[in-house]
Amino acid sequence: MPEIHVDSLVKQFGDQRALSDVSFHVAEGELFTLLGPSGCGKSTTLMSIAGFQSPEEGRIAVGGDVFFDASRRVSIPAERRNLGIVFQSYAVWPHMTVFQNLAFPLKVRKRKRAGIRERVHEVLDLVEMGDYGDRYPHQLSGGQQQRVALARALVYSPSVLLLDEPFSNLDAKLRERARAWVKELQSRLGLTTIFVTHDQDEALSMSDRVAVMSSGEVQQIGTPEEIYRRPSNRFVAGFVGRVNLLSGTVAAAERGRVALELPDGRKLWVDAEHTATPNARLTLAVRPEALRVEPADASTLNGSNTIEARVESVAFLGDHYQYELRAGGLVLTAQTARPVATDHVMVHIPADACAIVE
């Protein structure tokens, strides 16, 4: 399967800039996710790759084929790009059976009848829908319709697979099963895939790499773990999961470590790749599950980065407890596997769990 190069895309809708210098590279066989809130430009980027939108600037290439190049006035029509696309609405034709839905793209490509039948049955078996060829879409569940849409996108052996929020119409349990199944299928076929979603869980669980987008710009590209544990800025930290953001000034710095003085005078030592400038303003991102919470009289917590706090509220969320804590003017969210049976606690903030963000 080919790799994908997207370089410096700019797209304007009237006075609004939908894409601003969007660039990324998708490796052969990789599942690459565009993640961000509604209106951030992720679907516009996908539709530009598909050929349904024409940017004002930039370049798009798949393998050795240049699909779009504004500077050279190259724009290959969507129907000639040989890309498989699954939309949010599935867009299966209601008046056709499952078999006919899959056969239609092959008929358009003037495949022979015997070859069409063989290929349709092969792909239906691939998506575990081999017994449903004679059914109409209204006779299928949402999950089954989603598989039909995916099968139709795969039936003509596309060079690349594009998925635009394909699970948003499914309930929570079915969505979990669908994303595991699609990831396994994509990996087994080795399909180069771009996946668009606003769901952080989908992005983290399915992707080889993630591009987080906001206001038409790429904020950060990295593996799911890099995006989650080392966000590059406040937006990424706040959008991808829950986070504590602690701001202060640099009180001291030494090789590999920085002491951040918070507004109430407390100092936190954090691991840092680069030495910070004294008195510079910094913001730390700390995930709730990284905080260690113990009763206030616990002898196991002491030393630096440990503060006393009061429990403001607690919520049981099945596999963990979520605590809202207050330490003077400092408000923290923490997650623990077991409950802490006291209103006064000690909270330890590990130095290596803090990420410095812009």
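Here a student and a tutor talk through a predicted model, asking what earns each feature its label.

Student: Let's start with R326. Why is R326 called partly exposed?
Tutor: The label partly exposed is for values between the buried limit, under 20%, and the exposed limit, over 50%. R326 has 31% relative accessibility, so it counts as partly exposed.

Student: Where does R326 sit?
Tutor: R326 is part of strand β18, residues 321-327. Its C-alpha atom is 9.9 Å from that of V345, and the two residues are 19 apart along the chain.

Student: Now β9. What makes β9 count as mostly covered?
Tutor: Buried means under 20% relative accessible area. In β9, residues 193-197, five of the five residues are buried, so by that cut-off the strand is mostly covered.

Student: Which residues cover each face of β9?
Tutor: On one side you have T193, F195 and T197, and on the other I194 and V196. They are all buried, and both faces of β9 are covered.

Student: How do you know that β3 and β9 pair?
Tutor: Count the bridges. Two strands pair if there are at least two bridges between them. β3 (residues 31-35) and β9 have five bridges, so they pair, and the sense is parallel. For one of those matches, take T33, whose bridge partner in β9 is F195.

Student: What joins β8 to β9?
Tutor: Four bridges do, and the two strands run parallel. With a cut-off of at least two bridges, β8 (residues 160-164) and β9 therefore count as a pair. Here L162 has I194 as its bridge partner in β9. The chain gets from β8 to β9 through helix α5, residues 172-189, in a β-α-β crossover that is right-handed.

Student: What holds paired strands together, in general?
Tutor: Strands of a sheet pair through backbone hydrogen bonds, and they can do so in parallel or antiparallel fashion.

Student: Which strands make up the open sheet of five, and in what order?
Tutor: The order is β14-β13-β12-β15-β21, and the pairing is antiparallel.

Student: Why are β14 and β21 called edge strands?
Tutor: Each of them, β14 (267-271) and β21, pairs on one side only. Within this sheet, neighbouring strands are turned against each other by 45° on average, ignoring direction.

Student: How do you know that β13 and β14 pair?
Tutor: There are five bridges between β13 (residues 257-261) and β14, against a cut-off of at least two, so they pair, in the antiparallel sense. Among the matches, A259 has W269 as its bridge partner in β14.

Student: On to the empty spaces. What makes a space a cavity or a pocket?
Tutor: In a cavity, a 1.4 Å probe fits but cannot get out, whereas a pocket is an open set. Here the count is two cavities of 30 Å³ or more.

Student: What lines the largest cavity?
Tutor: L150, L154, L161, V182, L185, Q186, L189 and L191 do, around about 40 Å³ of space. α5 gives the most, with four residues. By class, seven of the lining residues are nonpolar, one is polar and none is charged.

Student: And what lines the second largest cavity?
Tutor: V86, Q146, L150, L163, P166, F167 and V182. The volume of the second largest cavity is about 30 Å³, and its lining has six nonpolar, one polar and no charged residues.

Student: Which residues lie nearest the centre of the largest pocket?
Tutor: F52, L83, I85, R109 and Y156, out of 19 that line it. β7 (83-86), α2 (98-108) and α4 (142-154) each give two or more residues to that lining. The volume comes to about 490 Å³, and the lining has 14 nonpolar, two polar and three charged residues.

Student: Which strand gives the most to the second largest pocket?
Tutor: β21 (residues 354-357), with three residues. The lining includes C354, A355 and I356, along with R230 and H274. The second largest pocket has a volume of about 260 Å³, and its lining splits into seven nonpolar, one polar and three charged residues.

Terms used
Residues numbered from 1 in each chain as written. Predicted model: local features only at pLDDT ≥ 70, side-chain atom pairs only at ≥ 80, totals over all residues. Heavy atoms only, no water. 1 Å grid on protein atoms, 1.4 Å probe; cavity = no way out; pocket = protein on both sides within 12 Å on 5 of 7 lines; lining within 4 Å. Points joined across faces, edges and corners; volume = space filled by probe spheres on them. Nonpolar A, V, L, I, M, F, W, Y, C, P; charged D, E, K, R; others polar. Axes fitted to C-alpha atoms, helices over the stretch in contact; angles between N-to-C directions. Buried < 20%, exposed > 50% of the residue type's maximum accessible area, 1.4 Å probe, protein only. Right-handed = clockwise from strand over helix to strand, strands pointing away.
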